[in-house]
Amino acid sequence: MGAVLLWALNVTVSKYLLEHGWSPLAYGTIRYLAAIVLFLGFTYVRERSFYIARKDLKFVLLAAALIFVNQICFVYALQTGQASTLALLFGTTPVFVALLGLVLRHDRLQRSFWAGAALTFLGVLLIGVDAGGASSDYKGILLGLATAFTWGAYTLAVAPLLRTYSPYRVSAVVLGLGWIPLAIVSYPQVSAQDFSFGWKVWLGFGYAVVGPLFLTTILWFKAVDIVGAARASLFNNLQPFFAVLFAVLILSEQLEPFEIAGGLLIFAGIALERVRRRPSADSVTRRDDAAKADIGEAFGP
């Protein structure tokens with residue numbers, strides 16, 4: 001629950017920072033640079049190595065590319081739409097993970113999944129009814145879905161690495177490589193960024209680095225070791241709910257009726273797929289790896 005709450009609060013904090021002086025790409029680039037420094041130091045003290053075998057480099061490069069795209073989608077989705085609306089859209093990530101797994105032939109999906117997926121995407125359509133209004137527009141919705149999709153793809157890409165390497169080594173290497181193209185495309189915004197922020201903005205930035213990017217990884221995998229990946233992933237399903245709650249309480253955001261109905265359908269779809277799931281014996285290991293890999297905002301992000 002500690003990890004889930006830290007992740008959920010990140011959406012609201014990041015939205016607050018973008019509304020109080022941070023440029024989107026400057027925020028994403030500098031935030032990830034600070035997190036990489038923390039991961040490099042923590043991993044070196046813990047393992048004294050960042051070695052990744054050559055045969056695994058394809059997974060590292062793919063995961064790094066997905067993190068790069070994910071962060072661009074994340075910051076611009078937050079700049080464009082409400083934090084609460086985007087938190088609801090990030091709840092579609094488990095559906096994207098399952099669909100990608102089907103495409104890659106990782107698993108056979110049961111009827112309960114398709115029912116849950118239908119409810120989830122019906123919820124997205126209801127959220128889209130309000131597009132162009134005061135709370136969000138189609139651009140924000142598409143960027144929010146792209147954030148969920150790229151995080152789901154990242155989850156599958158990083159899963160094979162976690163069978164061999166610690167999450168700290170994977171995070172240090174993947175985030176480091178993904179940061180390089182992010183820094184390149186962000187250079188104009190970083191060079192033009194004014195850093196004369198108040199203490200609240202700097203406090204929020206410190207939280208956005210240490211909390212959802214660094215501390216949650218330690219808490220999450222400690223929880224996985226204690227209760228198992230499947231049970232831990234059930235708690236992770238609460239993340240969109242708390243993200244919406246924080247946005248409403250802290251940012252005073254308001255959800256339109258169709259957005260509330262859409263959010264309820266998204267939660268119902270996820271719950272139906274999780275509760276009715278009956279994994280086959282040959283899919284348990286893959287699903288366990290996927291659950292262990294699900295370590296970020298928003299979702300990620």
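Gly204 is a buried residue in this predicted model, with a relative accessibility of 13%. Because the cut-off for a buried residue is under 20% relative accessible area, the value of 13% places Gly204 in that class. The residue belongs to helix α9, which covers residues 199-227.

What does Gly204 touch, once its neighbours within four places in sequence are left aside? Its contacts are then Val13 and Leu17. Asn10 offers a further view of this part of the chain: 194 residues separate Asn10 from Gly204 in sequence, yet their C-alpha atoms are 9.1 Å apart.

Attention now turns to two loop residues and their backbone angles. Arg48 is not a glycine, but its phi is positive, near 60 degrees. This arginine sits in the loop that joins α2 (24-47) to α3 (57-80). Is Arg48 buried or exposed? Its relative accessible area is 56%, and because exposed means over 50%, Arg48 counts as exposed.

Ser252 can be described along similar lines. Its phi is also positive, at about 60 degrees, although Ser252 is not a glycine. The loop that holds Ser252 runs between α11 (239-250) and α12 (257-276). With a relative accessibility of 58%, Ser252 is exposed, since the cut-off for that class is over 50%.

Taken together, the model shows Gly204 buried within helix α9, while Arg48 and Ser252 are exposed, Arg48 in the loop between α2 and α3 and Ser252 in the loop between α11 and α12.

Terms used
Residues are numbered from 1 along each chain as its sequence is written. This is a predicted model: local features need pLDDT of at least 70, side-chain atom pairs count only at pLDDT 80 or more; totals for chains, interfaces and linings use all residues. Side-chain values use heavy atoms; hydrogens and water are left out. Helices (H or I, at least four residues) and strands (E, at least two) are DSSP runs, numbered from the N terminus. Buried means under 20% relative accessible area, exposed over 50%, partly exposed in between (1.4 Å probe, protein chains only). Contact means heavy atoms within 4.5 Å.
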